[in-house]
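This briefing walks through selected features of the structure shown below, grouped by topic. Please keep the sequence and the model open while reading.

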Amino acid sequence: MKQYSDIELDALREFISVGTGHAATALSKLIDKDITVKIPHLDLVPVGQVPDKLGGPNLPIVGLYFKVYGDIEGSILLFFPQETANTLLTFLMAGLPGSSGAEFDEMAQSALMELGNILANSYVNALASMMDAQILISVPYFSSDALGAVVDFLLIEVAQAGDYALLMDTVIDSPGEKLAGNFIIFPDTPSLEKIFRKMGLR
Amino acid sequence: MNIITVGIGELRVSKDECILESISLGSCVGVALYDPGTKVCGLAHIMLPSSASSVRGMSNPTPKFADVAVKKILEDMQKMGAVKSVIVAKIAGGACMFRSAMADPAMNIGERNVAAVRQLMRDEKISIIAEDTGRDYGRTIQFSSTTGKLLIKSAKVGNKEI
């Protein structure tokens with residue numbers, strides 16, 4: 001199992017803070033609310049423990065998945081508890097009938113995918129300019145279900161390369177509203193090395 | 001009754017009365033095996049079709065791979081007294097959890113997992129007597145060692161027993 005030094009973890013924390021900071025700014029502008037970014041949480045955990053670390057396998061969430069390619073390869077998952085996704089929709093689709101519960105109609109799905117698109121693009125663009133690299137993301141993929149079922153797709157990707165996942169999770173939050181969401185990035189191992197090189201650690 | 005949770009990429013076998021459970025399967029597949037005579041049962045929560053597909057070729061592949069899990073679960077069950085020729089299987093999971101404007105076959109690892117499990121069962125001459133696989137929703141499964149029934153719970157489509 002690959003171990004990471006404290007310096008490496010600090011560098012990664014700094015790296016993803018910048019990305020998430022940009023995403024939070026984008027979200028703040030979109031819904032006109034203050035959004036704060038918590039200090040990123042980095043943890044090297046057995047793949048099977050990831051759902052528990054993120055809130056438990058039964059938590060109902062909306063997940064937006066993006067394939068990352070270019071100079072960094074891997075995946076990004078942005079997720080919100082379903083309740084939060086419904087709150088976000090009331091801000092995004094002001095005036096239109098909101099959705100509630102676990103069912104998201106096509107309009108709600110499109111709105112959330114577009115939101116995810118904007119946030120994920122802000123995130124990777126910030127990382128790309130920091131690394132002076134080119135990072136692209138796929139179209140958004142949408143899922144609404146229990147957390148365990150939504151994230152197992154990502155864990156499967158990680159599990160192909162090893163039994164541990166370097167979990168890089170950042171929570172974005174709004175003080176006034178219950179708007180907590182999580183940003184998770186899983187770069188593959190060669191991409192992590194590239195990040196370390198760019199941060200002057202290699 | 002004693003509930004034993006089988007985590008992602010793990011497997012458990014038991015000869016005692018119990019419920020074997022896996023929580024929130026998405027593209028993963030739950031493989032429940034059962035000897036109706038001795039009531040020895042097992043559940044594997046597999047993530048990937050084959051250890052040969054591993055990018056780097058792990059020296060010590062774990063039961064997260066269907067091929068490793070099926071071999072190990074049959075060995076473990078037989079050690080507890082199960083008779084291989086009467087073991088039957090029920091499988092669940094293998095959903096495609098994400099949808100998008102653009103279809104991408106790479107997203108459908110669930111389907112490949114189910115296909116791999118079916119092939120492994122054919123190779124081991126074990127019949128799959130019931131299954132609930134594919135589609136686009138997560139499943140929590142509970143397998144009863146006393147009845148051999150597999151309860152499938154889904155927030156989206158409700159519960160059913162196979």
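The buried residues of helix α1 of chain A (a residue is buried if 20 or more other C-beta atoms lie within 10 Å of its own, exposed if 12 or fewer, and partly exposed in between, with C-beta atoms placed from the backbone) pack against β1 (36-37), β2 (41-46), α4, β7 (164-173), β8 (181-187) and α6 (189-198) of chain A. This is a predicted model, in which local features need pLDDT of at least 70 and side-chain atom pairs count only at pLDDT 80 or more, while totals for chains, interfaces and linings use all residues. Residues are numbered from 1 along each chain as its sequence is written, and chains are lettered from A and ligands numbered from 1 in the order in which they are written.

**Confidence**

- The model scores ipTM 0.90 and pTM 0.89.
- Chain B has a mean pLDDT of 92 (pLDDT being the predictor's confidence in each residue, from 0 to 100), and 96% of the residues of chain B reach 70 or more.
- Where pLDDT is low, the predicted coordinates should not be read in detail.

**Helix α1 of chain A and its partner α4**

- Helix α1(A) covers residues 6-31 (helices, H or I, of at least four residues and strands, E, of at least two are DSSP runs, numbered from the N terminus), and its 26 residues reach 36 Å from the first C-alpha to the last, close to the 38 Å expected at 1.5 Å a residue; the expected span is 1.5 Å times one less than the number of residues.
- The buried residues in α1(A) are Leu12(A), Phe15(A), Ile16(A), Gly19(A), Thr20(A), His22(A), Ala23(A), Ala24(A), Ala26(A) and Leu27(A).
- The axes of α1(A) and α4(A) cross at roughly 145° and come within 8 Å; axes are lines fitted to C-alpha atoms, for helices over the stretch in contact, and angles run from 0 to 180 degrees between N-to-C directions.
- The crossing of α1(A) with α4(A) is right-handed, a crossing being left-handed if the near helix is turned anticlockwise from the far one by less than a right angle, and right-handed if clockwise.
- Residues making this contact (C-beta atoms, placed from the backbone, within 7 Å) include Phe15(A), Val18(A) and Leu30(A) of α1(A) and Leu115(A), Tyr123(A) and Met130(A) of α4(A).

**Positive phi angles**

- Asp32(A), which follows α1(A), has a positive phi near 55°.
- Asp132(A) is not a glycine, yet has a positive phi of about 55°; Asp132(A) is found in the loop between α4 (106-131) and β5 (135-137) of chain A, and counts as exposed because 8 C-beta neighbours lie inside 10 Å.
- Ser24(B), in strand β3 (residues 19-25) of chain B, also is a residue other than glycine with a positive phi, near 55°, but Ser24(B) counts as buried, with 27 C-beta neighbours inside 10 Å.

**The sheet β1-β3-β8-β9-β10 of chain B**

- Five strands form this open sheet of mixed pairing, in the order β1-β3-β8-β9-β10; two strands pair if DSSP finds at least two bridges between them.
- β1 (3-5) and β10 (158-161) of chain B stand at the edges with a single partner strand each, so one side of each is left without a neighbour in the sheet.
- Three bridges pair β1(B) with β3(B) in the parallel sense, and Ile3(B) has Ile19(B) as its bridge partner in β3(B).
- β9 (residues 150-154) and β10 of chain B run antiparallel and are joined by four bridges; they form a hairpin with three residues between them, and Ser154(B) has Gly158(B) as its bridge partner in β10(B).

**The sheet β2-β5-β4-β6-β7 of chain B and its helices**

- A further open sheet with mixed pairing has five strands in the order β2-β5-β4-β6-β7, and its edge strands, β2 (11-14) and β7 (127-133) of chain B, each pair on one side only.
- β6 (residues 88-93) and β7 of chain B run parallel and are joined by six bridges, with Ile91(B) standing opposite Glu131(B) in β7(B).
- Helix α1(B) lies across β2, β4 (29-34) and β5 (41-46) of chain B and runs at about 165° to β5(B), whereas α2(B) packs on the sheet by touching β4, β5, β6 and β7 of chain B, its direction making about 20° with that of β4(B).
- Helices α1 (residues 66-79) and α2 (residues 109-123) of chain B pack at an angle of about 35° with their axes 10 Å apart, in a right-handed crossing; among the residues making the contact are Val70(B) of α1(B) and Leu120(B) of α2(B).

Key
Contact = placed C-beta atoms within 7 Å.
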